[in-house]
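User: Could you take a close look at one part of this structure for me, chain B, and explain how it is put together and what it touches? I am new to this, so please go step by step.

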Amino acid sequence: MPGKVKLLVGSKKGVFILESDERRRSWRLTGPFCETWPIHHVVGDRRDGAIYGAGGNEWFGPAVWKSTDGGVSWTHSSHGLAYATGETPVKAAWSVALAHGRLYAGVEPAGLFVSHDGGASFEPVQGLRDHPTRPDWQPGGAGLILHSIVLDPDDPQRIWVAISAAGVFYSGDGGATWAPRNKGTRADFLPEGQRYPEFGQCVHCLVKAPGRGDRLYQQNHCGMYRSDDGGETWVSVEEGLPSTFGFPAAAHPRDPEALFLFPLNGAEQGRFAPQGRPAVWKTTDGGAHWRGRSAGLPQGDAFFGVLRQAMATDTLEPAGVYFGAGNGSVYASADEGESWMRIAENLPAISSIETLVVDA
Amino acid sequence: MRLPASLTALFSGAPRVVELPSGSVSELIDALDARWPGMRDRLCDSSPAVRRHVNVFVNGARARLDGPVPPAADVYILTAISGG
């Protein structure tokens, strides 16, 4: 059945929605929504079309926003989205994820909350909150944030989260207990001899490959990695990339060997595309080889970056790939990253992009 | 009590001016929350304290959560300068 694609765009000044038919050539923009609050991440529920946005406002604090009418109207809640009295309060919600009737929200300072009532109220995932390593978690440049929530579509007990800069943590029992999953990932910012710690790595983005396997990918502050055992061990797949540094990673919707990245020139070199020539890099063999694609992207003098949650794929055939930039531009590819077109510009700085494919 | 437009925009039907019984600032905010569930979370964090970029003035003086609000007091809730 022909589908309709919605791009759910989180930005520094509200949520925007871009919508197209399955050809993905012509896009219609609506927004800003959510009273122009900074919204770090937006996801949609394919079952009912509901849209959830995680954000935080300097005046009014953290909230998860919800729309059940395609963005026309919104509600917001932070009921239960709080730490105990006396602890550092939750500043903002940074990520949301949906599966098995649960809505998870990751927050700053790093923590995970779950809602069983569609975002009306939340409760802490206490096992992560009480993890013995927590007192030693250090913030990354954006703060101590829980930014990636990876849920197993086939098993509600399996949850991975990524925290900057504490690393990847895994629960196989629905969030009751957690263990670090960082073996093999580097922390170049630590003293020599201490660069492979149990936790404390600066993971930038964590995604799961499609299918029933245990394959994960992560873009890290210090390299690009793949795991074939659910994060128990990681191997570097950065050879062939123009840089070991970047923020987003987007998995292909059907092919576990395919992944899309937007490498940046380096942590201390400005954090834009190498030589000011943006390119999306793609592998189709699990990271053994990489190819950069820039057709349709600016061919020079482009010094924007792409944040950790600002790249996504859709589920159509061929898969669409999208990214949003710090300069407010959104680029789309309807041919699995081979060629690109700009579909929006002059938006606020873009924090995140997710897709929602619905029946037309 | 006078409420900022950026707050009332978040709660359908919330007016810019509302009359509440006297008490503490915290009790007045609880009264707001009873009428518009969730409003306390917008104004206070879990410290608990009035949020850093929200100011409450009672008869012209900045007040904390435990500050008293006498009968017929003029109370302003204002958003501080913030943003980017």
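Analyst: Let's begin with a term we will need: two residues are in contact if their C-beta atoms, placed from the backbone, lie within 7 Å. Please keep in mind that this is a predicted model.

With that in hand, look at chain B. Among its contacts with a separation of 6 or more, 45% join residues 24 or more positions apart. Chain B contains 3 helices and 7 strands. Following the sequence, you meet them in the pattern α-β-α-α-β-β-β-β-β-β. The radius of gyration of chain B is 12 Å, close to the 12 Å that the globule rule gives for 84 residues, so chain B is as compact as a globular protein of that length. Its C-alpha atoms fill a box of roughly 35 × 25 × 25 Å along the principal axes. Of the 84 residues in chain B, 26% are buried.

Now for the neighbour. On the chain B side, 17 residues are in contact with 13 residues of chain A. The chain A side of this meeting is made up of 5 nonpolar, 6 polar and 2 charged residues.

While you are looking at chain A, find its open sheet of 4 strands, which has the order β16-β17-β18-β19 and antiparallel pairing. The edge strands, each pairing on one side only, are β16 (203–208) and β19 (235–236) of chain A. In chain A, β16 and β17 (residues 216–220) pair in the antiparallel sense over 5 bridges. Within that pairing you can spot A:L206 opposite A:Q218, which belongs to β17 of chain A.

Technical notes
Residues numbered from 1 in each chain as written. Chains lettered and ligands numbered in written order. Predicted model: local features only at pLDDT ≥ 70, side-chain atom pairs only at ≥ 80, totals over all residues. Pairing = 2+ DSSP bridges. Helix = DSSP H or I, 4+ residues; strand = E, 2+ residues; numbered from the N terminus. Nonpolar A, V, L, I, M, F, W, Y, C, P; charged D, E, K, R; others polar. Rg over C-alpha atoms; globule rule 2.2 N^0.38 Å. Buried ≥ 20, exposed ≤ 12 C-beta atoms within 10 Å, placed from the backbone.
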